[in-house]
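Biologist: Please take a close look at one part of this protein with me. I am in my first year, so pick a single helix and walk me through its surroundings step by step.

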Amino acid sequence: MTRTSSPALTEALRRSKATRLAHFTPARSFPHILRDGAIRSSKDLAEAAPEQFTPTDRERFDQQPDKVCCTFQFPNGYYLAQAQKKPDHQNYPDWICLFLDVELALREGTLFAPCNAAKQNGARLRPGPEALLELFAETSDNWPRGARHLQGAATNLQAEVLIPGPIELKHVLAVAMPSHEAVTNELARLRVVKAEVPPLTWLVEPVLFDRNRLSDRVRNGPPLAEAVWVPPQSDGMTR
């Protein structure tokens, strides 16, 4: 990973207490990610693999199409709720949340916004340690941070981290879906399309995919369960 040389940014990331980044993607894009070995920016996909390009934000009002949109600790449920209404995605309702190495935030060229990055056409995006810590301030973009706010999550739940792409699969810590059935179905689909699936940790947590419940839990607790998915065991009977 290419990092910035700034020790101050490393210290700011430590002070944030974030342990991971989160990135939502449609499940139908996952086979392409696995085959490619990386999460690519919309600019990369539009230029190199337009058949894989199914963006949820075609306009990229943040003015940063070469970067991958992420959030600290938990995914942006407001983004998902909006994206699911887009015509391109209504026939493909399944989504996954990729949890990524938090040190990607140290990658040179990373930008931070204390709100949705598209706000004011990307004018709130800034690099550096002060910009990172602004996401975790007691008041950030007019949002207050309460005493029970979950550790590592930005004060404004739509605050974003824009990482220069591509992000290689080695930086994926876990893959989350809303139910055990969803994971089982996704792995079955991947087998059908003959996608090679590397060893990955699969998590199950429905709250991650529910905007209102996620917002309430991040602001007020308790922490999410995020159960590790375990393949169903055969009962050994011949049918």
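Modeller: Let us begin with a term we need: an axis here is a line fitted to C-alpha atoms, for a helix over the stretch in contact, and angles run from 0 to 180 degrees between N-to-C directions. Please keep in mind that this is a predicted model.

The helix for our tour is H6, residues 180-192. H6 lies across strand S10 (172-177) and strand S11 (202-204), and runs at about 145 degrees to S11. Does its length make sense? Let us check what span to expect. At 1.5 Å a residue, the 13 residues of H6 should span 18 Å, and the end C-alpha atoms are 19 Å apart, which agrees.

Now turn the helix and look at its sides. Which residues of H6 are buried? They are Ala182, Val183, Glu186, Leu187 and Leu190. These residues cover an arc of only 130 degrees around the axis, which puts them on the same side of H6. On the other side of H6, Glu181, Arg191 and Val192 are exposed. The cover over the buried residues of H6 includes helix H2 (30-36) along with S10 and S11. Just after the helix, you meet Lys194, which takes a positive phi of about 60 degrees.

Next, follow S10 and S11 into the sheet they belong to. The sheet is open and has 8 strands, in the order S5-S8-S3-S1-S4-S10-S11-S12, with mixed pairing. Strand S5 (111-113) and strand S12 (227-228) are at the edges with a single partner strand each, so one side of each has no neighbour in the sheet. As a general reminder, strands of a sheet pair through backbone hydrogen bonds, in either a parallel or an antiparallel sense.

In the sheet order, S10 sits between S4 and S11. S4 and S10 pair in the antiparallel sense over 4 bridges. One spot to find on screen is Cys97, whose bridge partner in S10 is Ala176. S4 itself covers residues 95-101, and 6 of its 7 residues are buried, so the rest of the structure largely encloses this strand. Beyond S4 comes S1 (residues 20-26), and these two strands pair in the antiparallel sense over 7 bridges. There, Pro26 has Trp95 of S4 as its bridge partner.

Keep going in the same direction and you reach S3 and then S8. Strand S3 (residues 67-72) and S8 pair in the antiparallel sense over 4 bridges. Here the pair to look for is Cys69 with its bridge partner Leu162 in S8. Right after S3, in the loop that leads to helix H4 (77-83), you find Gln73. Gln73 is not a glycine, yet its phi is positive, near 70 degrees. Is Gln73 buried or exposed? Buried residues have under 20% relative accessible area, and Gln73 has 9%, so it counts as buried.

For comparison, look at another helix that touches this part of the sheet: H1, residues 7-16. The buried residues of H1 are Leu9, Ala12, Leu13 and Ser16. Seen down the axis of H1, they fall within an arc of 100 degrees, so they line one face of the helix. Pro7, Arg14 and Arg15 are exposed on the other side of H1. What covers the buried residues of H1 includes S3, S5 and helix H5 (129-134). After H1 comes Lys17, whose phi is positive, near 65 degrees. A positive phi of about 55 degrees also turns up at Asn121, again not a glycine, in the loop between S5 and H5.

Before we finish, step back to the whole chain. The protein has 7 helices and 12 strands, and buried residues make up 48% of its 239 residues. Of the contacts with a separation of 6 or more, 77% are between residues 24 or more positions apart. To return to where we began, H6 lies across S10 and S11, and its exposed Glu181, Arg191 and Val192 are on the side opposite to its buried residues.

How values were computed:
Residues are numbered from 1 along each chain as its sequence is written. This is a predicted model: local features need pLDDT of at least 70, side-chain atom pairs count only at pLDDT 80 or more; totals for chains, interfaces and linings use all residues. Side-chain values use heavy atoms; hydrogens and water are left out. Two strands pair if DSSP finds at least two bridges between them. Contact means heavy atoms within 4.5 Å. Buried means under 20% relative accessible area, exposed over 50%, partly exposed in between (1.4 Å probe, protein chains only). The arc is that of the directions from the helix axis to the C-beta atoms. The expected span of a helix is 1.5 Å times one less than its number of residues.
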